[in-house]
Amino acid sequence: MYPVLGGPAAAVWISVPLLALAVDWWLGEPRAAWHPVVWMGRALQWWGDRLAPSVPVAHDFKLFWRSSRIWCALAAIVFIVAMVAQNLVLALPTFLAVALLALLLKPLLAWRMLRDEVLAVEVALGQSLPAGRAQLARLVSRDVSVLTAVQVRESAIESLAENLNDSVVAPLFWFALLGLPGAALYRFANTADAMWGYPGMRGGRYWQWAGKWAARADDVLSWVPARITALLMVVVAKGLPFSTLARQARKTPSPNSGWPMAAMALALNVRLAKPGVYTLHSKGRRAGPLDTRRAAHLGTQVVLAMVPLVAALQLLVLGAFVWARA
C-alpha cells in the first residue's frame, strides 16, 4: 500500500504531491469522462436513488445499516482499485512511476478549479447580483435566491475555506499516510457526504437515515485535516489567537468545517455567516470585493505550506515502515 523497498526512492516519492499540484495548476481538471471523482459520483447517485426514500421516514435503522454496507462496499472498491493502480505504476522505472503516480493523484486534488470558481463569483457580482447568485450556486448547496451581495461574497469565501480542506489538504494528508489509496478513499468519503450526507429532504429524496453513515465517515476522516488547514492558515497569516479560533470554529454545526472558515474570517478580519445558522467573527468588517481575492491568495499560501508538511509526514511514515521491517 505504501512503498518502501522496491519502489521509488524516498526523495522521489516525496516529490509526487508537489508534481500533482503543479499539474493541477497548469492543466486544471481532466475531462469528466476520465475523472475518478465523477465516476464515484455516478456510482453514489445510482445507489442513492435506490436507497433513499422519496418521503420522510422515522428511525429507519435497517435503511441506515443497508446504506452503510453499500458505502463500505463502494469504498472498498475505490481503495482496492487505487492500490492496484499504484502497485502497477510503481513497478515501472522510477521517474516514469513518479510522473504517472502524480497524474493519478491529480484528479483527487482541485485547488485551481476551486480558486477560479470562487474568483468567478466576484466577477459575476460585478455584473449583477443575480449573476453573482447564479455563479455561487455552482459552489454551495444553500438557497442563494435571497442572498444579498455581501452574503454572496461571504458564502464564496466560506466555500473556498471549507473546500481548501476537502479538495487539497485532506487528500494530501491521507496520501501522506496511505498513498494513493488513502487519497482516493478520502475523496470518495467526501463525495459521498456531499451527495448523501443531508439531515432531511434533498433532490426529492430523504437522507436522514440513508446518508447518516456517509456524513459521519466524512466527519471522522476530515477531523485532523480540517484542523491542519486552520493551523496552516494561522501560520501564513502570521499568527491568530488560537482560543478565539477554537471558540469561533465551534459555532458551526459541522465539527470540522468551522475550523478553516473561522481561520479565514479571522485572517481576513471579515464577518462570515450562514443566515439563521451561524456567524463567524461577528466583530469583523463586511467582506468587500478585494477580500475574495485576498482569500484566494491566502488559500494558495496554505497549499504551498502544505507541501513541506506532507513531505515531513511521508518521511515519518517511510521511517516507521523501514523500522518495522528492520
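In the predicted model, L125 touches G132, A149, V152 and R153 when residues up to four places away in sequence are not counted. L125 lies in helix α6, which covers residues 111-127. With a relative accessible area of 13%, L125 falls under the 20% limit and therefore counts as buried. A further relation of L125 is with L136: the two are 11 residues apart in sequence, and their C-alpha atoms are 9.5 Å apart in space.

The protein as a whole contains 13 helices and four strands. Its C-alpha trace spans about 60 × 50 × 40 Å along the principal axes. For 326 residues, a compact globule would have a radius of gyration near 20 Å, and the value of 20 Å found for the protein agrees with this. Of the 326 residues, 53% are buried. The accessible surface comes to about 15100 Å², and carbon and sulfur atoms hold 66% of this area. Among contacts with a separation of 6 or more, 72% are between residues 24 or more positions apart.

The largest nonpolar core has 100 residues, and the residues with the most contacts inside this core are L105 and M264. Helix α8, residues 149-178, gives the most to the core, with 14 residues. Outside its neighbours within four places in sequence, L105 is in contact with V16, P17, A20, L172, F175, L180 and A183. One of these contacts, F175, has its place in helix α8. The relative accessible area of F175 is 0%, so F175 is buried. The C-alpha atoms of F175 and L313 are 9.6 Å apart in space, while the two residues are 138 residues apart in sequence.

Aromatic side chains were examined next. A search of the whole structure gives nine aromatic pairs. One of them joins W46 and W47, whose ring centres are 5.0 Å apart; the planes meet at 80°, over the limit of 60 degrees, and the pair is therefore edge-to-face. Both members of this pair are partly exposed, W46 with a relative accessible area of 44% and W47 with 29%. A second pair, between F64 and W213, is tilted, with 6.2 Å from centre to centre and 55° between the planes. This pair links distant parts of the chain, since F64 belongs to helix α4 (residues 61-90) and W213 to helix α10 (residues 212-236), with the two positions 149 residues apart. The accessibility of the two partners is not alike: F64 is buried at 14% relative accessibility, whereas W213 is partly exposed at 28%. F64 and W213 also belong to a cluster in which ring pairs link F64, W65, W71, F188 and W213.

Two arginine residues are placed over tryptophan rings. R50 lies over the face of W46, at 3.7 Å from the ring centre. W46 thus has R50 over its face and also takes part in the edge-to-face pair with W47. In the other case, the charged end of R227 sits over the ring of W223, at 3.8 Å from the centre of that ring.

Backbone geometry was also considered. N269 is not a glycine, yet its phi is positive, at about 60°. The residue N269 lies in the loop between α12 (258-268) and β3 (272-274). With a relative accessible area of 39%, N269 is partly exposed. H281, likewise a residue other than glycine, has a positive phi near 50°. H281 is found in the loop between β4 (278-280) and α13 (289-325). In contrast to the partly exposed N269, H281 counts as buried, because its relative accessibility of 15% is under 20%.

Terms used. Residues numbered from 1 in each chain as written. Predicted model: local features only at pLDDT ≥ 70, side-chain atom pairs only at ≥ 80, totals over all residues. Heavy atoms only, no water. Phe/Tyr/Trp six-rings, centres within 6.5 Å; stacked < 30°, edge-to-face > 60°. Buried < 20%, exposed > 50% of the residue type's maximum accessible area, 1.4 Å probe, protein only. Lys NZ or Arg CZ within 6 Å of the ring centre and 35° of its normal. Core = buried A, V, L, I, M, F, W, Y, C linked by side-chain atoms within 4.5 Å. Contact = heavy atoms within 4.5 Å. Rg over C-alpha atoms; globule rule 2.2 N^0.38 Å. Areas by Shrake-Rupley, 256 points an atom, 1.4 Å probe, with all protein chains shown as cover.
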